[in-house]
Amino acid sequence: MSRKKGPRSGGPRARRSFTPGQKLELLAGYEQAVAAGEGGAFLRREGLYSSLMSEWRRARDAGLLQGKPAGETVGRPSAEQAEIARLRRELELAQAKLARTETALTIMGKARELLEGISRSEPDGPDVFGLGRH
């Protein structure tokens with residue numbers, strides 16, 4: 001009988017812990033991988049879970065990971081810190097939506113100008129079917 005090699009073939013592994021710097025580094029790597037469409041591959045390669053990335057992102061956004069020494073533990077954000085992080089995310093989403101809306105309005109304005117220019121250059125009646133006037 002052959003023994004299969006798998007994640008638990010060597011017995012249980014010790015629980016890993018990460019310093020705040022490592023968390024920020026891994027989170028930045030994950031976000032770059034997601035932007036490239038390789039988020040799942042990054043998580044598998046590093047042996048991490050997406051829920052952990054979400055937790056670390058919340059901690060980063062709440063300011064819990066910045067400026068912490070390597071051995072110091074990082075706790076859960078307070079209610080105020082969590083609210084600040086939520087509002088920051090909400091602001092980022094609103095700013096992105098505003099940028100898209102502004103771009104769409106610019107495009108619509110240019111299309112309107114183009115259509116007005118075309119309608120001014122047309123003769124008296126539009127030749128809708130391309131048949132010409134007889």
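This is a short chat about how the helices of a predicted model are arranged.

Colleague: Before we look at any details, what is the mean pLDDT of the protein?

Modeller: The model is predicted, and the mean pLDDT of the protein is 81, with 73% of its residues reaching 70 or more.

Colleague: And in which helix is confidence lowest, and in which is it highest?

Modeller: Confidence is lowest in H3, where the mean is 86, and highest in H2, at 93.

Colleague: Okay, so at what angle do H1 and H3 pack?

Modeller: Helix H1, residues 20-35, packs with helix H3, residues 50-61, at an angle of about 115 degrees, and their axes are 10 Å apart; the crossing of these two helices is left-handed.

Colleague: Which residues make that contact?

Modeller: From H1 the contact uses Lys23, Leu24, Leu26, Leu27, Tyr30 and Glu31, while H3 brings Ser50, Met53, Trp56, Arg57 and Arg60. Sorted by class, the contact of H1 with H3 has six nonpolar residues, one polar residue and four charged residues.

Colleague: Switching to H2, which residues are buried there?

Modeller: In H2, which covers residues 39-46, the buried residues are Gly39, Phe42 and Leu43. Seen down the axis of H2, these buried residues fall within an arc of 95 degrees, so they line one face of the helix.

Colleague: What do the buried residues of H2 pack against, and what is on the face turned away?

Modeller: The buried residues of H2 pack against H1 and H3, whereas the face turned away from the buried side carries Arg44 and Arg45, which are exposed.

Colleague: What happens just after H2?

Modeller: Just after H2 comes glycine 47, which takes a positive phi of about 70 degrees.

Terms used:
Residues are numbered from 1 along each chain as its sequence is written. This is a predicted model: local features need pLDDT of at least 70, side-chain atom pairs count only at pLDDT 80 or more; totals for chains, interfaces and linings use all residues. Side-chain values use heavy atoms; hydrogens and water are left out. Axes are lines fitted to C-alpha atoms, for helices over the stretch in contact, and angles run from 0 to 180 degrees between N-to-C directions. Helices (H or I, at least four residues) and strands (E, at least two) are DSSP runs, numbered from the N terminus. A crossing is left-handed if the near helix is turned anticlockwise from the far one by less than a right angle, and right-handed if clockwise. Contact means heavy atoms within 4.5 Å. Ala, Val, Leu, Ile, Met, Phe, Trp, Tyr, Cys and Pro count as nonpolar, Asp, Glu, Lys and Arg as charged, and the others, Gly among them, as polar. Buried means under 20% relative accessible area, exposed over 50%, partly exposed in between (1.4 Å probe, protein chains only). The arc is that of the directions from the helix axis to the C-beta atoms. pLDDT is the predictor's confidence in each residue, from 0 to 100.
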